[in-house]
Amino acid sequence: MTIRRGGGGRTTVVCVTGASGYVASWLVKLLLLRGFTVRASVRDPSDLNKTKHLLALDGAKERLHLFKADILEEGSFDTEIDGCEGVFHTASPCNLYVTEENARAELIDPAIKGTINVLASCARVTSVRRVVLTSSSSAVIYNGWPRTPDVVVDETWYSTPDVCEKLKVWYPLAKTLAEDAAWKFAKEKGIDMVVMNPAVCIGPLLRPALNVGATEIMKLINGESFRNFSFGWVNIKDAVNAHIQAFEIPSASGRYFLTERVAHLSEIVDIMRKLFPDFRLPEKCEDDKPFMPIYLASKEKAKSIGIDFMPLEQGIKETIESLKDKGLLDC
């Protein structure tokens, strides 16, 4: 393993916000494996339900420092970010089922304010050379343009607030507005920022808590039917490696659309049936409408930073095996 060293022979120090989350936990894990020193923010460092898996990671005893911070509290990241060369900002409210009445207060405003607060801390110190922001593919695809099997979606696509509002998709709206605010602030303050736009992440869980991808898989197991819905999917290890590559490769810039494949839930069921023939899986869709179409996802820019996506089948297999290992799946 190559140890990343800065001046004076020290390992490179980076900050990860929202470290107990799915993407952030994997970021901490792979950063430690690559030899970085990691300052990781959590809401409550004493809550072992949220931190035990982090403290057990290889290298954690020597190079992981957990600290308490609130993304909505101005300046709460200043001390810990000072001295970091890189900041990986993943912390953001994630509520896919928020109501329209509560969307602004519970999701949209906190996403924007939290992102700007962290970037403001980065702007107040001289040590940070690059920020890697975790956005979402949902900040890419909701623009009203056709998404059909012959259409290729790439980083040049941007979701638009009016389309998100028309469709009443509040999480995509929050990610879209937060990313837009981040780009404007980074430009104003001269912050070197790279943005990751991952699709639904699947793969092993580091703690026994369901992320969006694992939740979708769980819904299909023992389900009576599957939803008429198509997603973009990406293995968590690819998504996180892309984050780290974007920090380490000087030429990395702009946005990276991280999607291995777009698949309808009917295809996910077919893959699961082949991998786990003993599972009781749904045979029919919840409605008789035409299936939501899929589209093609460009991988060219991700390849430019060394990402060779793992196949969707591998991610599904890893997710289900992890659900079993964590005691979340009784079959």
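Reader: What makes the 7 strands an open sheet, and in what order do they come?

Author: In this predicted model, the strands run β3-β2-β1-β4-β5-β7-β10, with parallel pairing. The sheet has edge strands, β3 (64-68) and β10 (254-258), and each of them pairs on one side only. From one strand to the next, the twist averages 20°.

Reader: How do you know that β1 and β2 pair?

Author: Two strands count as paired if there are at least two bridges between them. Strand β1 (residues 13-17) and strand β2 (residues 37-42) are joined by 4 bridges, so they pass that cut-off. They run parallel, and Val 14 stands opposite Val 38 in β2.

Reader: Which helices lie across these strands?

Author: Among them is α2 (residues 48-55), which lies across β2 and β3 and runs at about 160° to β3. Another is α10 (residues 236-248), lying across β1, β4 (86-89), β5 (130-134), β7 (193-198) and β10, at about 160° to β5.

Reader: Why are α9 and α13 called roughly perpendicular?

Author: Look at the angle: α9 and helix α13 (residues 312-325) pack at about 80°, with their axes 10 Å apart. Roughly perpendicular covers 65 to 115 degrees, so α9 and α13 earn the label. On the α9 side the contact has Ala 214, Ile 217 and Met 218, which meet Ile 316, Thr 319, Ile 320 and Leu 323 of α13. Sorted by type, the contact residues are 6 nonpolar, 1 polar and no charged.

Reader: Why is Asn 228 called buried?

Author: Buried means under 20% relative accessible area. Asn 228 has 12%, so it counts as buried. You'll find Asn 228 in the loop between α9 (212-220) and β9 (230-235).

Reader: And what makes the pairing of Asn 228 with Asp 287 a polar contact?

Author: The side chains of Asn 228 and Asp 287 are joined at 3.1 Å, and the cut-off is an N or O pair within 3.5 Å, with one atom able to donate a hydrogen and the other to accept it. Asn 228 also touches other residues, including His 264, Cys 285, Lys 289 and Phe 291.

Reader: Why is Lys 168 called partly exposed?

Author: Partly exposed sits between the 20% and 50% cut-offs. Lys 168 comes in at 48%, so that's its class. Lys 168 lies in the loop between α7 (161-167) and α8 (170-189), and has a positive phi of about 60° although it is not a glycine.

Reader: How do you know which class Asn 222 belongs to?

Author: Its relative accessibility is 49%, so Asn 222 counts as partly exposed. Asn 222 lies in the loop between α9 and β9, with a positive phi of about 70° despite not being a glycine.

Key
Residues numbered from 1 in each chain as written. Heavy atoms only, no water. Helix = DSSP H or I, 4+ residues; strand = E, 2+ residues; numbered from the N terminus. Buried < 20%, exposed > 50% of the residue type's maximum accessible area, 1.4 Å probe, protein only. Contact = heavy atoms within 4.5 Å. Axes fitted to C-alpha atoms, helices over the stretch in contact; angles between N-to-C directions. Parallel < 35°, antiparallel > 145°, perpendicular 65-115°, else oblique. Nonpolar A, V, L, I, M, F, W, Y, C, P; charged D, E, K, R; others polar. Lists of a residue's contacts leave out its neighbours within four places in sequence.
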